[in-house]
Each structure stands twice: as C-alpha cells, then as structure tokens.
Amino acid sequence: FELTFEVKCDTPLNSGVQIRSHLYLQDTPQPSKPSRIRQAGEVYGYQCEIAPENETSGNFWDEGRHTRWHDDFAENAQARAAFRDGEWNTYRILAAGNRIRSWINGIPCADFEDDLDASGFIGLQVHSIGRGQGPFEVRWRDIRIREVRSATIAHLEAIEVESALRCEMLTAQAELESDFSR
C-alpha cells in the first residue's frame, strides 16, 4: 500500500504513524527487554516517526517490540533535515512486500526490508504529554491510502530513478554555470 498525509506537529511533541501494527492481546514480555511487560491493549509494530527538533523523522521505530530503528540515518543528511519544524510536512509511506520506504516533502528517508509484519492496522499516534506541560497539538490532513500492485511499484521506482537523475543533472549544470561565471 501507499499511505500519504500531511502533518503539522508542535515542536515539544513527538508523534508517529503506525503501519502494519498490532495490539498485545495479553500482558506480554517485550522481546527486546523481557523484564518490561507490555500491557494487554498496547500497540507494537512499525512506527514512522514524526519528531520536530529531532533528526529521526521519517525513520521507522519498532514500537513496543524490538525498540530499535529500522534504518540508519547517520550518513543520510538529507533525510535528517527533511522535516520542517512548525510547518505542514508531506509524508509518503510505501509498504510493498517486505520492503518499507518513506519520504518527507519528497525527500527519500527510510528504506529497509523486514519480514516480521506483512499486515496489521494503521494508527495515528501522539506521545504522552507530561503533567503541567502543553497544551500541544499534532494535526493531520489529506490522509490517503491506496493499494499498490507490483507493476505500479516498478513504475513508481522508474519515476524515482528518473527524478534523482534529473536532480543530479541540474546540480551538475548549476555547478558548471557557477564555474563559468567566475
């Protein structure tokens, strides 16, 4: 599927969108830390991060289960800078088979493969707000989801490659023009 939406999140908040997620049906030890008991009704699964003032927006946290990031943004400066604090941000999430990808404002962010969850629910999440803090808001709009078939994914990937090549060409052209103007 492809999920797109716009989100605006107050700076002190941390939020997310759960995809292919599940609920614990009974109190369950957390796989990454068995001494931590997850209560019946708690959510676990892939959470696409929405985090102003943080360089993890667009990455996927394995919420309530393995409690780790699914992608490494250490070498991806564009992804770390994709989220614009205090503004509406456009997210795109593409989950096809075991491959999950995200974009914020057209900038590629996460891209990973994982076989744990092929299905589950989608949920809009707001982390708790500490006592005496707030009020804070996270707002979503233009939420859309559509089924994406294999042929469509191949077509979308071809468009992404073409777009990336155009960006590289424009950057090279701008550098050449800059060199000639000196």
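From the N terminus on, the elements of the protein follow the order β-β-β-β-β-β-α-β-β-β-β-β-α. The model is predicted, so local features need pLDDT of at least 70 and side-chain atom pairs count only at pLDDT 80 or more, while totals for chains, interfaces and linings use all residues. Residues are numbered from 1 along each chain as its sequence is written, and side-chain values use heavy atoms, with hydrogens and water left out.

**Exercise 1. Describe the overall make-up of the protein.**

Step 1. The secondary structure comes to two helices and eleven strands. Helices (H or I, at least four residues) and strands (E, at least two) are DSSP runs, numbered from the N terminus.

Step 2. Of the 182 residues in the protein, 34% are buried. Buried means under 20% relative accessible area, exposed means over 50%, and partly exposed lies in between, with a 1.4 Å probe and protein chains only.

Step 3. Take the contacts (heavy atoms within 4.5 Å) between residues at least 6 apart in sequence: 62% of them join residues at least 24 apart.

**Exercise 2. Work out the order of the open five-stranded sheet and find its edges.**

Step 1. The strand order is 9-8-7-1-11, with antiparallel pairing. Two strands pair if DSSP finds at least two bridges between them.

Step 2. The edges are strand 9 and strand 11 (138-146); each has a single partner strand, so one side of each lacks a neighbour in the sheet. From one strand to the next, the twist averages 15 degrees. Angles of this kind run from 0 to 180 degrees between N-to-C directions, with axes as lines fitted to C-alpha atoms, for helices over the stretch in contact.

Step 3. Strand 1 and strand 7 run antiparallel and are joined by six bridges. Leucine 3 has isoleucine 93 in strand 7 as its bridge partner.

Step 4. Five bridges pair strand 8 with strand 9, again in the antiparallel sense. Isoleucine 100 is bridged to phenylalanine 112 in strand 9. The hairpin of these two strands has two residues between them, and asparagine 105 there takes a positive phi near 55 degrees.

**Exercise 3. Identify the residues and strands behind the largest nonpolar core.**

Step 1. A nonpolar core is a set of buried Ala, Val, Leu, Ile, Met, Phe, Trp, Tyr and Cys residues joined through side-chain atoms within 4.5 Å. The largest one holds 24 residues, and Phe5, Ile19, Ile50, Phe60, Tyr91, Ile93 and Ile100 touch the most other members.

Step 2. Two or more residues come from each of strand 1 (2-9), strand 2 (15-23), strand 5 (43-50), strand 7 (89-96), strand 8 (99-104) and strand 9 (107-113). Strand 1 contributes the most, with four residues.

Step 3. For tyrosine 91, leave aside neighbours within four places in sequence; its contacts then include Leu3, Phe5, Val7, Cys48, Ile50, Phe83 and Trp103.

**Exercise 4. Explain why cysteine 48 and cysteine 109 form no disulfide.**

Step 1. A disulfide is a covalent bond between the sulfur atoms of two cysteines. The rule used here is a pair of cysteine sulfur atoms within 2.5 Å.

Step 2. The sulfur of cysteine 48 lies 7.6 Å from the closest cysteine sulfur, that of cysteine 109, which is too far for a bond. The count is zero disulfides.

Step 3. Cysteine 48 is buried at 1% relative accessibility, and cysteine 109 is buried at 5%.

**Exercise 5. Compare the surroundings of glutamate 2 and serine 102.**

Step 1. Glutamate 2 is in strand 1 and is buried, at 10% relative accessibility. Serine 102 is in strand 8 and is buried, at 1%.

Step 2. A polar contact is a pair of N or O atoms within 3.5 Å; within protein, one must be able to donate a hydrogen and the other to accept it, and residues adjacent in sequence count only if both atoms are side-chain atoms. The side chain of glutamate 2 makes such contacts with the side chains of arginine 92, at 2.5 Å, and arginine 146, at 2.6 Å.

Step 3. The side chain of serine 102 instead reaches a backbone atom, the oxygen of glycine 58, at 2.5 Å. Not counting residues up to four places away in sequence, serine 102 touches residues including Cys48, Phe60, Arg92 and Cys109.
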